[in-house]
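Colleague: I should be grateful for a close look at one part of this protein, with enough of its surroundings to place it.

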Amino acid sequence: MNPVRVSIPSFRSENNSLEKGYTVFKVDVLVNGRLHSVEKRYSEFHTLHKMLKKSIKPPEIPSKHVRNWVPKVLEQRRQGLELYLQTIIMENEVLPKIFLDFLNIRHFPSMPKTESCGSFDSESDELCKLTHQPVLLFLRDPYLLPSAHGASLSTGNKNVFSNVVIEGVVHGVFCSDLQLR
């Protein structure tokens, strides 16, 4: 399964008093199970196409010159643009940054789309190391005060109530056999 999937489920026509009408295409982007949408005009697809030509050989883009307001023609353009985006994803092992920016995909690792971390390929292991952060584990909570200085109620030298919240957090975050002292 590809980590990036795109579809163009719909489009709408916009009329603006400052410029002639235009069509906006809704692009649904599914990345690692998360869905978001971006809206793009045909002119933005055309600009993307020109920029992609500098780094890859993109597929053909639907014709720029059509009668914009005919619904059947707009539907054909929608289908063509959807196929255009899907073909770029299928034909390129590494998706260009300009393409990821166009789809509003942030912090996407620049590794081949078909590889995942943990494969037996040593190159893939190197790439995975760059995408993970180290985790620190404390044997004791560095912010936990000894019970004599804590917020629990005490009568004389003996605690009447223990701090259940702190004990629960310490127990849940750290190992189950660690005892609060």
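Colleague: Among contacts between residues at least 6 apart in sequence, what percentage join residues at least 24 apart? Please then examine helix H1 (residues 42–52) closely: which of its residues are buried, and what do they pack against?

Modeller: The model is predicted, and its confidence is treated at the end. To take the contacts before the helix: of those between residues at least 6 apart in sequence, 45% join residues at least 24 apart. The protein has five helices and five strands, in the order β-β-β-α-α-α-α-β-β-α along the sequence. Of its 181 residues, 29% count as buried. The exposed surface comes to about 13,200 Å², and carbon and sulfur atoms supply 55% of that area.

In helix H1, the buried residues are Tyr 42, Phe 45, Leu 48, His 49 and Leu 52. They cover an arc of only 115° around the axis, which places them on the same side of H1. The spacing follows a general rule: an α-helix has 3.6 residues a turn, so residues three or four places apart point the same way. The partners of this buried side come from both kinds of element. Strand E1 (4–14), strand E2 (22–31) and strand E3 (34–41) pack against the buried residues of H1, as do helix H2 (71–91) and helix H3 (97–102).

Aromatic rings give a more detailed view of this region. The structure holds three aromatic pairs. In one of them, the ring centres of Phe 11 and Phe 25 lie 6.0 Å apart and the planes stand at 50°; the pair is therefore tilted, since an angle over 60 degrees would be needed for edge-to-face and one under 30 for stacked. This pair links distant parts of the chain, with Phe 11 in strand E1 and Phe 25 in strand E2, 14 residues apart. Phe 11 has 27% relative accessibility and so counts as partly exposed, whereas Phe 25, at 0%, counts as buried.

Phe 45 of helix H1 belongs to another pair. Phe 45 and Phe 102 meet edge-to-face, at 5.1 Å centre to centre and with 65° between the planes. This pair also links distant parts of the chain: Phe 45 lies in helix H1 and Phe 102 in helix H3, 57 residues apart. Both rings count as buried, Phe 45 at 0% relative accessibility and Phe 102 at 8%. Ring pairs join Phe 11, Phe 25, Phe 45 and Phe 102 into a cluster.

Charged side chains also meet rings in this part of the model. Lys 40 lies over the face of Phe 102, at 4.6 Å from the ring centre. At Tyr 42, one of the buried residues of H1, the charged end of Arg 77 sits over the ring, 3.9 Å from its centre.

There remains the question of confidence. The protein averages a pLDDT of 75, and 58% of the residues score at least 70. Among its elements, H1 has the highest mean pLDDT (96) and helix H4 (residues 122–131) the lowest (47). Over residues 114–130 the pLDDT is below 50, and this stretch has 16 contacts in the model beyond near neighbours in sequence. Residues 149–154 likewise stay under 50, with eight contacts beyond four places in sequence.

Notes: Residues are numbered from 1 along each chain as its sequence is written. This is a predicted model: local features need pLDDT of at least 70, side-chain atom pairs count only at pLDDT 80 or more; totals for chains, interfaces and linings use all residues. Side-chain values use heavy atoms; hydrogens and water are left out. Helices (H or I, at least four residues) and strands (E, at least two) are DSSP runs, numbered from the N terminus. Buried means under 20% relative accessible area, exposed over 50%, partly exposed in between (1.4 Å probe, protein chains only). Contact means heavy atoms within 4.5 Å. Accessible areas come from the Shrake-Rupley method with a 1.4 Å probe; for residues, only the protein chains shown count as cover. The arc is that of the directions from the helix axis to the C-beta atoms. Rings of Phe, Tyr and Trp (its six-membered ring) pair if their centres lie within 6.5 Å; planes under 30 degrees apart count as stacked, over 60 as edge-to-face and the rest as tilted. A charge sits over a ring if NZ of Lys or CZ of Arg is within 6 Å of the ring centre and within 35 degrees of the ring normal. pLDDT is the predictor's confidence in each residue, from 0 to 100.
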